[in-house]
Every structure is written in structure tokens, then in C-alpha cells.
Amino acid sequence: MRILVRIVLFLGGLVAALMLIGAGFWLWAFWGTKPDTSGQVRVAGLTGEVTIVRDEHGVPHIFGETEADVFFGLGYAHAQDRFFQMDMMRRYVQGRLSEALGERTVRVDARNRIRGYPNVAAAAVANMDAETLAAAEAYTAGVNARLARGTPSPEYRILMFSPATWMFRPEEWRLVDTASVVVYMADSLAAGEDSEMSRRRLEDILMPDQLAEFLPEYPDWAPTMLQAEDYADRAALPADNGLPANEVQPDVDEGSNAWVLSGDHTASGEPLLANDPHLSLSAPGIWYFARLALPDGNVVGATVAGAPLVVLGRNDVSAWGFTNTMFDVIDLQEFERGELEIVERTETIAVRGGEPVELRIRQSPIGPVLDPEYFAIDAYGDVDVVLQSTALDMSNDVAGVAYRIMKNRNWEEFVEAGRGYTAPMQNMHYAHIDGTIGYTTAGLVPLRDADGRWTGYIPYDELPRVRNPESGRVASGNNRITPDNYAYPTPGEYAIFRAVRIEEQLDLTARHDAESYHTLQMDVLSAQAARLIPVIAASEPQTTEGQRARDLLADWDGSMPVYSNEALIYALWYRAFARALYGDELGEDFPRFIGRREGLVDNVLVGGETRWCDDVTSPVAESCAVTVGAALDAAMETGIAQFGPDIDNWSWGSAHAAVFDHPVFTGMPVLDGMFTVRQPVGGDGSTVNVAVYPMRGDSFDVFHGPSLRAIYDMSDLDASRFMHAPGQSGHPWSGHYRDLAPMWAAGESFEMRTDWTPDTAPAGSDTLVLRPRD
């Protein structure tokens with residue numbers, strides 16, 4: 001018995017010791033890396049005092065005597081809250097993830113080195129003008145001042161004890177790292193590479209007439225962003241200009257919204273601008289709100305951790321918001337072997353915990369030659385496939401453009417600021433306190449000959465642009481931009497139904513205000529679903545459950561809030577209908593090409609291209625009523641198996657959550673719950689309040705949505721409203737890691753006012769003072 005007692009005591013002590021060690025590790029890893037947001041710190045590299053006041057939402061308001069001091073403070077704050085995110089972005093662009101994360105990222109590193117992203121980042125540094133360079137240098141010093149105080153993020157302390165990432169530590173920040181963050185944004189938004197590869201495979205599967213229907217043109221009934229009246233007296237070229245016709249397709253699952261109204265259409269008589277860019281959801285999110293109290297005025301809005309720039313936001317006189325143009329700015333060009341003069345070089349990818357990987361990179365005069373080991377180009381055959389992309393242009397001055405935009409004082413300066421911008425091509429909506437509204441684009445839009453070879457770019461002064469349009473409105477839902485009388489081709493892939501809904505709702509109110517803008521940003525009624533409901537109501541399901549689903553949807557208005565069971569039924573049906581519609585034509589390739597396919601679905605069910613409803617593998621010619629009904633039967637069978645037989649208790653939000661993934665720890669035991677943020681949301685890929693879920697598989701988790709929301713009021717810029725998710729901090733033990741996610745989902749917002757100083761900071765603020773080290 002004494003021996004047994006001793007064993008029990010020993011084991012109990014061992015367990016207690018292990019628990020203490022574990023608790024100590026977590027405290028060391030997490031508590032020991034939390035940012036100090038109050039008090040005083042002496043740091044190297046600073047010439048004057050900097051005050052960082054974080055408000056109740058964790059937003060830093062940064063004050064300093066000089067511009068360099070303020071940018072130093074922003075760098076310090078970014079490194080406090082987001083350094084691991086900054087590190088992952090720079091490593092992604094530079095092809096150095098494997099140095100930190102091991103073998104699992106070798107393919108990503110190889111692809112980005114072949115693309116030439118490290119060279120583009122280096123060129124971006126060389127292209128910085130003196131003012132931008134000074135801002136970047138001060139910012140870099142601020143980042144490194146924080147790094148000098150110790151480990152800035154818990155991820156490093158967790159990963160340093162993994163065999164695959166042993167002793168992984170943060171490195172100092174460099175100017176090229178800031179440029180890499182800018183390239184990271186260009187990579188995430190430039191369009192065309194995947195579409196090129198997909199189209200080539202589809203050409204092998206479908207007949208030419210089928211392909212034209214599967215990838216339809218943008219519909220005539222859908223709105224364009226700019227109107228013919230805005231170009232009636234200034235066409236740059238005759239209509240018959242010898243250039244290839246537009247190839248525009250309504251096949252975008254993801255995108256962004258922005259709209260601006262002149263004072264003629266607002267309650268205050270002054271312009272209002274709304275912007276909600278849609279990006280992949282992540283924890284932490286891509287944006288970091290900040291106020292920069294610069295000597296020549298305030299700049300407020302969304303920064304990207306890693307760069308000293310307010311990318312989206314406002315200053316003391318103007319506001320701006322961006323969406324992606326969706327122009328096709330990437331081509332895969334084919335050349336016979338030996339046709340191009342190719343320079344080869346070898347690079348080595350260092351792999352933590354593994355053997356280094358030698359990479360042969362082949363560069364042509366127009367772009368990198370893609371390696372079939374890392375790119376899915378087998379369908380092209382025995383040729384050299386060259387990636388030609390505006391995102392690889394070495395004249396990249398994106399950092400300087402963003403710096404000049406945030407310092408603009410009027411419309412002319414705003415437009416001129418974009419000169420020299422390369423990629424990603426953006427719609428830029430603008431409003432000024434003098435009543436001016438406008439829209440411009442910046443970036444390179446290729447011109448192509450009949451063989452698809454690039455012959456130049458649309459001149460900057462002839463890019464799509466309008467100041468004070470006759471309609472008093474410019475609205476964007478990633479729909480087609482240019483009217484038919486615009487002089488240049490603008491091929492791309494465009495969305496349809498968000499723009500339709502935005503235009504409808506703007507028309508319903510004669511005088512808009514911030515509240516009506518907010519209502520529209522949060523709108524979850526699908527204009528696409530509303531068009532399809534009559535077809536669903538006329539369908540012929542064969543099962544009792546399918547018939548009940550049909551009857552429920554027949555009385556539905558197309559709205560998709562979290563509590564709706566009709567929205568879940570519709571989503572189940574839409575996925576099942578995709579398989580019924582074109583799964584038979586695509587065969588084993590169907591999973592690769594399943595998507596919302598808004599244009600195809602509308603053309604079949606509303607436009608009369610009914611041959612797609614027939615199952616080509618069956619001897620019977622199915623009608624659309626039969627195929628739509630069979631999809632309802634299949635959807636309900638899947639839904640009951642997944643969510644149970646009580647349809648009345650189904651809800652969209654129970655299946656449909658925004659998932660903010662962590663770049664490393666999502667999916668890992670224990671760590672997933674600490675680092676991944678999940679939040680039920682409404683909407684889908686067609687609603688203004690977009691929430692894109694994968695069409696493939698059985699999950700409705702949202703991976704793409706409003707990365708931020710902003711409403712700028714020119715009658716009182718301090719009353720402008722902001723929100724992003726999941727939170728300002730990248731530290732999971734911070735109260736600001738996930739605090740904004742429920743507010744974001746509920747449509748709440750907050751102000752970032754500029755009418756206070758550190759001495760009059762709002763209640764609930766934390767103040768950190770940085771002072772030069774003696």
C-alpha cells in the first residue's frame with residue numbers, strides 16, 4: 001500500500017509539475033509577448049517624442065513633431081500588433097517562407113521566385129521618390145525599435161519548439177520588406193493567370209459554342225459603372241480602331257463595392273462616399289486602422305501592416321475608396337522552343353529542417369517562363385509558356401502613389417498621384433469637401449494585337465475617368481466599367497448582381513445619408529435569387545421534401561439573413577443545381593470549374609439557353625423544370641443528412657460563418673481555437689454584403705467578405721464611420737484580437753475623430769510615449 005501511495009503521489013506530482021511547466025510556457029509565449037500600450041519607452045532611432053494613443057477599439061492615433069516621427073510611431077505600432085503577419089507577407093513575396101516553416105511551403109516559394117516577385121520588390125525600393133523613401137526609412141526604424149525590445153509575437157515562441165521550425169526567430173525589417181508588402185497586395189488583386197489556365201482546359205472539354213455559353217459575355221441589361229453620356233464628347237479613338245473587341249465575362253465570385261453621390265443626392269447637400277473592399281478573411285485581418293497626425297494635417301483610415309501608408313481613407317479635405325477593376329492584366333503567352341532569348345539562373349530555397357531546393361529560373365524579355373513542375377500548364381503542350389503580367393512591371397511606383405494619394409488636397413492632385421502606378425489596377429472613387437466627386441483608374445491596361453501579343457498600354461490620361469458625372473453618381477460592384485463608346489477594349493471578368501442591387505437601392509431614395517448607406521452596405525437580399533425564384537417555383541421536384549423546399553422558396557423574397565432557413569435551402573439547391581447543369585458536360589473536371597457562374601445560370605434559367613438543363617449522359621431530354629426540381633430533391637437529401645430533418649430549425653447562420661484563418665495555426669489542435677476566429681454571417685456571393693463560400697464540397701464557411709466598411713461624410717469628415725474584422729491586434733491574448741468580429745457582423749461601426757490631442761484623449765484610451773534614447 002505504501003508503494004502504491006508513493007506511485008500515486010509521484011504521478012500526481014509529475015502531473016502537477018507538467019501543468020506548471022505548461023502554464024509557464026503559455027505565460028512566457030503569450031503574456032510575455034503582449035504589446036505595452038501605455039507608459040514610456042526609450043528607443044533608438046528617434047529624434048523627437050512620439051505619442052501613440054490607442055482608443056477603446058485599439059486604433060492608434062499617432063502624434064509627433066515631424067512627419068518622420070509619426071511614421072516611426074506607425075512602424076512601432078505595426079510591429080507591436082502585427083509583426084508575425086508582416087513577416088509572413090514579406091517571406092511570401094520573397095520566396096522565403098520555407099526558411100521559417102519548412103518543406104510544406106517550398107512550392108509557394110518556388111512559384112513566387114519564378115514569377116520574379118523578389119526582383120519586383122527590389123525595383124519598388126529603387127523607384128521610391130525622396131519623400132516616400134524618407135517615410136519608409138522612418139517607418140523601418142520604428143519597426144526595428146520594437147524588435148530590439150524582444151519577441152513581438154507569440155507565434156515565434158510556439159514555432160521555435162517545433163521540430164519543423166526549430167529556433168525560428170524574427171529578423172530585422174528592411175526597406176525591401178516594405179516594398180514586398182506592397183507587392184503582396186498587387187499579387188492578391190491582379191487578375192488573369194488562373195483564368196488563362198482554366199480557359200485552356202475548357203477549350204479541350206467543350207465545343208466552341210458550348211464554351212461561348214459557359215463563359216458568356218456581360219449582359220446588356222446589367223449596369224456599367226460609367227455612362228455613355230460621360231464619354232459622348234471625348235472619345236480618344238474612332239470606334240473602328242483596329243483593336244480586338246472586348247471579352248467581358250460575368251464570372252466573378254469575389255469582389256468589392258464602392259459608391260459616391262454628389263450633394264444633389266444627399267440629405268446634407270454634400271457628397272457621401274461608401275467603400276467596402278472584399279478580400280480573403282484572415283486573423284489578423286489585412287487592414288489596420290490608424291490616424292496619422294502629420295504636421296500638414298491628419299490622415300485617417302486603413303493601413304497595411306508593413307507599410308507607412310493609409311491606403312484607404314481620408315485626410316482633412318477628401319476621401320477615397322478602391323475596388324478592383326477586374327481588368328485582365330495577365331496573359332500566358334505561348335512560344336515555340338527556341339523562339340525567345342531566355343536567360344537562366346539558379347536560386348536556392350533554404351528549407352528549415354530539410355534539404356535546400358535548387359530552382360532553375362528561366363527569364364524571357366517579356367516575363368518568366370513557367371516551370372511545369374510548379375505551374376499547371378500541361379494543357380499547353382511542348383512550348384514555352386511565359387507569364388506576362390502588369391504586376392511584374394519593374395517601373396512599379398505603388399508606394400509613391402499611395403503616399404501622394406493620402407496627401408492630396410484636390411481632385412487634380414488625386415488624379416496626378418496615380419501616374420506611375422502599375423498594379424493592381426483599381427477603381428478609385430473620390431469625394432472632396434468642395435463638393436467634387438469623381439472616379440478614376442490607375443494602373444497598366446495592356447493593349448493586344450489579333451494574336452494576343454501586348455503592343456502597349458492605354459495611355460494614363462485616357463484611362464476610364466470622370467469628374468462630377470452628369471448622373472451625380474458612380475457606383476461599383478465589380479461590374480463592367482466602361483460604356484460601349486469608350487475608345488479602348490477593357491477585357492476582364494465582372495460581377496453582375498451586386499451592382500444591380502446597389503443601383504436599385506440608390507434609386508429608391510432621393511436624398512441619402514449615412515444611415516441609408518449603412519443599410520445598403522449591410523444588405524443581404526440577393527438580386528440573383530430574386531430573378532431565379534419564379535423558375536424554382538415552377539419546378540417539378542419528385543420528393544415530398546423537394547416539394548416543400550420549392551413551396552418555401554416560392555414565397556421567399558431572396559433575403560439571406562442569418563436566421564433564414566430559406567437561404568440555407570437555396571444555397572443547398574444552388575450547389576446541387578450546378579452539378580446538374582454542367583457536371584455532365586465537364587465530367588471529371590467538374591470540381592475544378594464549379595462556381596457561382598452567375599451569367600450561365602441566368603442565361604439558362606431566365607434567358608432561355610435551356611439545352612444545358614438536359615443531362616447529356618441520359619437518354620431522356622430533361623427540361624429545366626425537371627432539372628431544377630431534381631436539384632431541389634438532391635439538396636434536401638443532403639441538407640437533412642447534414643442539418644437534421646427539422647427544416648423549421650435550419651438557419652443560414654448555423655452553417656454559414658465567416659472564418660478568419662490564421663496563416664499557420666488554423667486546423668491545429670488547441671491552437672486553432674486560440675488563433676482562428678469564426679462569426680456567423682448572412683448573405684452570399686451575390687449580395688451587397690457579400691459572403692463568399694466555396695461551391696466545392698459541403699461546407700458553407702465564408703472565406704471572402706468585406707475586409708472593411710467605411711462611410712465618408714463630406715459635411716462632417718469626423719463623423720465618417722469605419723469597421724473591419726476580426727480586430728486591430730494580431731495577439732490572441734489581446735482584447736482587440738477578435739472584439740470587432742461580432743460588431744462587424746452586426747453592422748456596427750465607429751468614428752476615428754481628429755478633433756482631439758493626447759491631452760484630451762477619449763475615455764478608455766491607452767497612451768504610450770516613445771522618447772529618444774540618450
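**Entry 1: helices α16 and α20**

I count two residues as in contact when they have heavy atoms within 4.5 Å of each other. The model I examined is a predicted one. With that cut-off I looked up where helix α16 meets helix α20. On the α16 side I noted E545, G546, A549, R550 and L553, and on the α20 side L632, D633, M636 and I640. I then sorted the residues of this contact by character and recorded five nonpolar, one polar and three charged.

Next I looked up the geometry of the pair. Helix α16 covers residues 544-554 and helix α20 covers residues 624-643; their axes lie 8 Å apart and the packing angle is about 100°. Angles of 65 to 115 degrees count as roughly perpendicular, so I entered α16 as roughly perpendicular to α20.

**Entry 2: strands around β29**

I turned to strand β29, residues 766-772, and asked which way strand β1 runs beside it. Strand β1, residues 39-43, is parallel to β29, and five bridges join the two. Within this pairing I found V41 opposite L770.

I then looked up strand β2, residues 50-54, which is also joined to β29 by five bridges, but in an antiparallel arrangement. Here I recorded L770 of β29 as the bridge partner of V50. L770 thus appears in my notes both opposite V41 and as partner of V50.

**Entry 3: salt bridges**

Side chains of opposite charge can pair when their charged atoms come close. How many salt bridges does the structure hold? I recorded 46, and I followed some of them individually.

I began with D177 and R90, whose side chains form a salt bridge with an N to O distance of 2.7 Å. D177 belongs to helix α8 (residues 175-189) and R90 to helix α2 (residues 67-94), so this pair ties together parts that are 87 residues apart in sequence. Are the two partners buried or exposed? Buried means under 20% relative accessible area. D177 has a relative accessibility of 0%, so I noted D177 as buried. R90 is also buried, because its relative accessible area is 0%.

I next examined R91, which forms a salt bridge with E171; their closest N and O atoms are 3.3 Å apart. R91 lies in helix α2, while E171 lies in the loop between α7 (154-159) and α8, so the pair ties together parts 80 residues apart in sequence. I entered R91 as buried at 2%, whereas E171 is partly exposed at 32%.

A third pair was D523 with R501, with 2.9 Å between the closest N and O atoms. I located D523 in the loop between α14 (514-521) and α15 (527-537), and R501 in helix α13 (residues 497-508); the two are 22 residues apart. D523 counts as buried at 12% relative accessibility, and R501 is likewise buried with a relative accessible area of 12%.

Finally, I looked for salt bridges that share partners. I found one network that joins D87, R90, R91, R96, E99, E171, R174 and D177.

**Entry 4: residue A580**

I located A580 in helix α17, residues 565-586. Its relative accessible area is 26%, so I classed A580 as partly exposed. Leaving aside residues up to four places away in sequence, I noted that A580 touches W612 and T627. I also looked up P483, which is 97 residues from A580 along the chain; the C-alpha atoms of the two are separated by 35 Å.

How values were computed
Residues numbered from 1 in each chain as written. Predicted model: local features only at pLDDT ≥ 70, side-chain atom pairs only at ≥ 80, totals over all residues. Heavy atoms only, no water. Pairing = 2+ DSSP bridges. Helix = DSSP H or I, 4+ residues; strand = E, 2+ residues; numbered from the N terminus. Salt bridge = Lys/Arg side-chain N within 4 Å of Asp/Glu carboxyl O. Buried < 20%, exposed > 50% of the residue type's maximum accessible area, 1.4 Å probe, protein only. Axes fitted to C-alpha atoms, helices over the stretch in contact; angles between N-to-C directions. Parallel < 35°, antiparallel > 145°, perpendicular 65-115°, else oblique. Nonpolar A, V, L, I, M, F, W, Y, C, P; charged D, E, K, R; others polar.
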